[in-house]
Amino acid sequence: MWTYDDPRAALGDVLRLSRAMTYKAAVADLPLGGGKGVIMIPPHVRLSRERRHAALLDFADTVEAVDGAYITAEDVGTSSRDMTVIGERTSHVAGLARSRGGSGDPSSFTALGIESAIRASCERAFGTDSLRARSVCVIGTGHVGSRVAKRCARAGAKLLLADVDAAKRPLAEQLGARWTTPERALEAEVDVLAPCALGGVLSEETVPRLRCRVIAGAANNQLSDDGVADLLATRGILWAPDFVANAGGIINIAEELGGGYDAAVARRRVRGIADTLRQVFQDSDSSGATPLTAAMELARRRLAAAKD
């Protein structure tokens, strides 16, 4: 659920997101095809509680109309409470509150996956997956980003945090981290940059200004276009493809949909993101391609195998 200037922007966003979800599910080797939905809020409109409830029910009716071809779940702008509202009109919803038989907020699983991705990327770039004394900049300290920051802090990393909402600054004080703006954070001299807000932050304009060695974060569609992957490679910056790194949430959802949900099993599978990234990096080195190309090829192979 997000504010878009016009329907074309919303359509473009949902197509990019659904493409990424397809690759994400395939690379994670899940029995899911990948799909996405958006609820467009017009500019300068603040939804009342009643209108928000009605919008969620309208969306639920749309999900129900495709009769299980698409299963929705929580993402930016929504919560497990919103999934409960959607569940009033359709059974094709995941990530319901645990009290209602679901697995709850998937943010903790996404954050676990990002930590695993950061460790695997550091192992590749620095020869060790230890985060002790490693400098990490987390941009976006929402549901996922705040959990990524806490995980990195527990692992001994030196943190720099940034968010457009200055009210989130107390988290930096709580973790003994430095605080800056998202604009300055992109140019921070750190070992690891972790974009955990909205996409498109890596572009022809921003990449030349980067001063990090590794990028691994939770944001979807981090590259403004696929060609940016080549710019990152040219600069010697190791990028963990976003749809590989941030698959923790959908891996958890897949475990929930399989019946007999076990959080410990879900966590073990989410940690497997590190092994997937190691394969992607190895394929990248072997073929001379970027990690993006290697990850997309892995996804395509698995999609092709699923068709056979």
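**Exercise 1. Find which residues of helix α5 are buried, what covers them, and whether the helix has the expected length.**

*Solution.* Let's start with burial: in this predicted model, the buried residues of α5 are Val144, Gly145, Ser146, Val148, Ala149 and Cys152. The cut-off behind that list is a relative accessible area under 20%.

Next, look at the cover. The elements over these buried residues include the helices α4 (107–126) and α6 (170–175), together with the strands β3 (135–139) and β4 (158–162).

Now check the length. Helix α5 runs over residues 143–154, and at 1.5 Å a residue its 12 residues should span 16 Å; the end C-alpha atoms are 17 Å apart, which agrees.

Finally, step past the end of the helix: just after α5, Gly156 has a positive phi of about 95 degrees.

**Exercise 2. Repeat the analysis for helix α1, covering its span, its buried residues and the elements they pack against.**

*Solution.* Take the span first. With 21 residues (7–27) at 1.5 Å a residue, α1 should span 30 Å, and the distance between its end C-alpha atoms is 30 Å, so the two agree.

Then list the buried residues: Ala10, Asp13, Val14, Leu17, Ser18, Ala20, Met21, Tyr23, Lys24, Ala25, Ala26 and Val27. Asp13 and Lys24 are among them.

To finish, identify the partners. The buried residues of α1 pack against the strand β2 (40–41) and the helices α9 (242–245), α10 (248–257), α12 (273–287) and α13 (291–307).

**Exercise 3. Which non-glycine residues in the loops on either side of α2 take a positive phi, and are they buried or exposed?**

*Solution.* Begin with the background: most residues other than glycine have a negative phi.

The loop between β2 and α2 holds His44. His44 is not a glycine, yet its phi is positive, about 65 degrees. Its relative accessible area is 86%, so His44 is exposed.

Move on to the loop between α2 and α3 (80–86), where Asp67 sits. Phi of Asp67 is also positive, near 55 degrees. At 59% relative accessibility, Asp67 counts as exposed too, given that the cut-off for exposed is over 50%.

**Exercise 4. Place Asp230 and Ser48, classify their accessibility, and give one long-range C-alpha distance for each.**

*Solution.* Asp230 belongs to helix α8 (residues 228–234). With a relative accessible area of 46%, Asp230 is partly exposed. Its C-alpha atom is 23 Å from that of Ala26, which lies 204 residues away along the chain.

Ser48 is found in the loop between β2 and α2 (49–65). Its relative accessible area is 30%, which makes Ser48 partly exposed. The C-alpha atoms of Ser48 and Ser224 are 33 Å apart, with their positions 176 residues apart along the chain.

**Exercise 5. Describe the whole chain: its elements, its compactness, its contacts, its surface and its charges.**

*Solution.* Count the elements: the protein chain has 13 helices and 8 strands. Then test compactness: the radius of gyration is 19 Å, close to the 19 Å from the globule rule for 308 residues, so the chain is as compact as a globular protein of that length. Along its principal axes, the C-alpha trace spans about 50 × 50 × 40 Å.

Turn to the interior. Of the 308 residues, 50% are buried. Among contacts with a separation of 6 or more, 58% join residues 24 or more positions apart.

Last comes the surface. About 14,800 Å² is exposed, with 48% of it supplied by carbon and sulfur atoms. The 39 positive and 38 negative charges have mean positions 6 Å apart.

Terms used. Residues are numbered from 1 along each chain as its sequence is written. This is a predicted model: local features need pLDDT of at least 70, side-chain atom pairs count only at pLDDT 80 or more; totals for chains, interfaces and linings use all residues. Side-chain values use heavy atoms; hydrogens and water are left out. Helices (H or I, at least four residues) and strands (E, at least two) are DSSP runs, numbered from the N terminus. The radius of gyration is taken over C-alpha atoms; the globule rule is 2.2 Å times the number of residues to the power 0.38. Buried means under 20% relative accessible area, exposed over 50%, partly exposed in between (1.4 Å probe, protein chains only). Contact means heavy atoms within 4.5 Å. Accessible areas come from the Shrake-Rupley method with a 1.4 Å probe; for residues, only the protein chains shown count as cover. Lys and Arg count as positive and Asp and Glu as negative; His and the chain ends are not counted. The place of a charge is taken as NZ of Lys, CZ of Arg, CG of Asp or CD of Glu. The expected span of a helix is 1.5 Å times one less than its number of residues.
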